[in-house]
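This briefing sets out the architecture of the protein shown below, followed by its core and a selection of individual residues. Please read it alongside the sequence and the coordinates.

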Amino acid sequence: MRVGCGFDVHRLVPGRRLVLGGIEIPYSLGLEGHSDADVLLHALADALLGGAALGDIGRYFPPGDPRYKDADSLALLQEVYRMVKQAGYRLGNADTIIIAERPKLSSYIDAMRERIAGALEVQKDRIGIKATTTEGLGFTGRGEGIAAQATVLLLDSDECPGL
């Protein structure tokens, strides 16, 4: 078994779509970034890469590379998982948290879990997503950005052939 953790943060800006967990969420602001800036999927990708000791997401998808301009982070996550599987691991489970004062996310979490589970080839019950606020404190509390954290358990493919 291997454990990986990831973290990401992006600034909220006008004129961008808000994409979290592979789901577009109606909101007046979106996350600034070279790709679609999905902080949840970026944190999850870093956790997967870290657990397999493969580096970080910027190593494979550099933010200045024009190939990844406005890239779909769900597709990037699928590529990361392909690398993790090639390294000999499978996802046991993922536990994630989105840190945002606004918008309220509870009604979108189930759809996010479905999208992520599909991308990572696991059942939805292996994907945990929570949303929290910072009670008005810090950049997330002021509504300036959104952050996400992810922890994953990776299992050795040879020892868990049914996964």
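From the N terminus on, the elements of the protein follow the order β-β-β-β-α-α-α-β-α-β-α-β. The count is five helices and seven strands. The model is predicted, and every value below is computed from it.

**Overall dimensions and burial**

- The radius of gyration of the protein is 15 Å, which agrees with the value near 15 Å that a compact globule of 163 residues would have.
- The C-alpha trace spans about 45 × 35 × 25 Å along its principal axes.
- Of the 163 residues in the protein, 48% are buried.
- Considering contacts between residues at least 6 apart in sequence, 71% join residues that are at least 24 apart.

**Packing of H1 against H3**

- Helix H1 covers residues 39–51 and helix H3 covers residues 73–86; their axes come within 10 Å and cross at roughly 5 degrees.
- H1 is therefore roughly parallel to H3, since angles under 35 degrees are classed in that way.
- On the H1 side, the contact involves Leu-41, His-42, Leu-44, Ala-45, Leu-48 and Leu-49.
- On the H3 side, the residues met are Ser-73, Leu-74, Leu-77, Val-80, Tyr-81, Met-83 and Val-84.
- Eleven residues of this contact of H1 with H3 are nonpolar and two are polar, with no charged residue.

**The nonpolar core**

- In soluble globular proteins, nonpolar side chains tend to be buried together.
- The largest nonpolar core in this model has 49 residues, and those with the most contacts inside it are Leu-20, Leu-48, Leu-91 and Leu-120.
- The helices that each supply at least two residues of this core include H1, H3 and H4 (109–119).
- Strands that likewise each supply at least two residues include S2 (18–20), S3 (23–25), S5 (89–99), S6 (127–132) and S7 (145–156).
- H1 provides nine residues, the largest share of this core.

**Leu-48 within the core**

- Leu-48 lies in helix H1, and at 0% relative accessibility this residue counts as buried.
- Not counting residues up to four places away in sequence, Leu-48 touches Leu-77, Val-80, Tyr-81, Val-84, Leu-91, Leu-120, Val-152 and Leu-154.
- Among these partners of Leu-48, Leu-77, Val-80, Tyr-81 and Val-84 are also H3 residues in the contact with H1.
- Leu-91 and Leu-120, two further partners of Leu-48, are themselves listed with Leu-48 and Leu-20 as the residues with the most contacts inside the core.
- Tyr-60 is twelve residues from Leu-48 along the chain, and the C-alpha atoms of the two are separated by 13 Å.

**Helix H5 and its surroundings**

- Helix H5 comprises residues 138–141 and contains Gly-141; Thr-140 is found in H5 as well.
- Thr-140 counts as buried at 5% relative accessibility, and Gly-141 is buried with a relative accessible area of 10%.
- Leaving aside residues up to four places away in sequence, Thr-140 touches Ile-99, Glu-101, Thr-134, Gly-145, Ile-146 and Ala-147.
- Gly-141 is in contact with Glu-101, Arg-102, Thr-134 and Gly-136, its neighbours within four places in sequence being left aside.
- Glu-101 and Thr-134 thus appear among the partners of both Thr-140 and Gly-141.
- The C-alpha atoms of Gly-141 and Ile-99 are separated by 8.9 Å, although the two residues are 42 apart along the chain.

**Backbone features in the loops**

- The peptide bond from Arg-102 to Pro-103 is cis, with omega near -10 degrees; Pro-103 lies in the loop between S5 and H4.
- Arg-102, which precedes this cis bond, is also one of the contact partners of Gly-141.
- Ala-53 lies in the loop between H1 and helix H2 (57–60), and its phi is near 55 degrees, a positive value in a residue other than glycine.
- With 55% relative accessibility, Ala-53 counts as exposed.
- Glu-121, in the loop between H4 and S6, also has a positive phi for a residue other than glycine, near 60 degrees.
- Glu-121 is exposed, with a relative accessible area of 52%.

Key
Residues numbered from 1 in each chain as written. Predicted model: local features only at pLDDT ≥ 70, side-chain atom pairs only at ≥ 80, totals over all residues. Heavy atoms only, no water. Axes fitted to C-alpha atoms, helices over the stretch in contact; angles between N-to-C directions. Helix = DSSP H or I, 4+ residues; strand = E, 2+ residues; numbered from the N terminus. Parallel < 35°, antiparallel > 145°, perpendicular 65-115°, else oblique. Contact = heavy atoms within 4.5 Å. Nonpolar A, V, L, I, M, F, W, Y, C, P; charged D, E, K, R; others polar. Core = buried A, V, L, I, M, F, W, Y, C linked by side-chain atoms within 4.5 Å. Buried < 20%, exposed > 50% of the residue type's maximum accessible area, 1.4 Å probe, protein only. Rg over C-alpha atoms; globule rule 2.2 N^0.38 Å.
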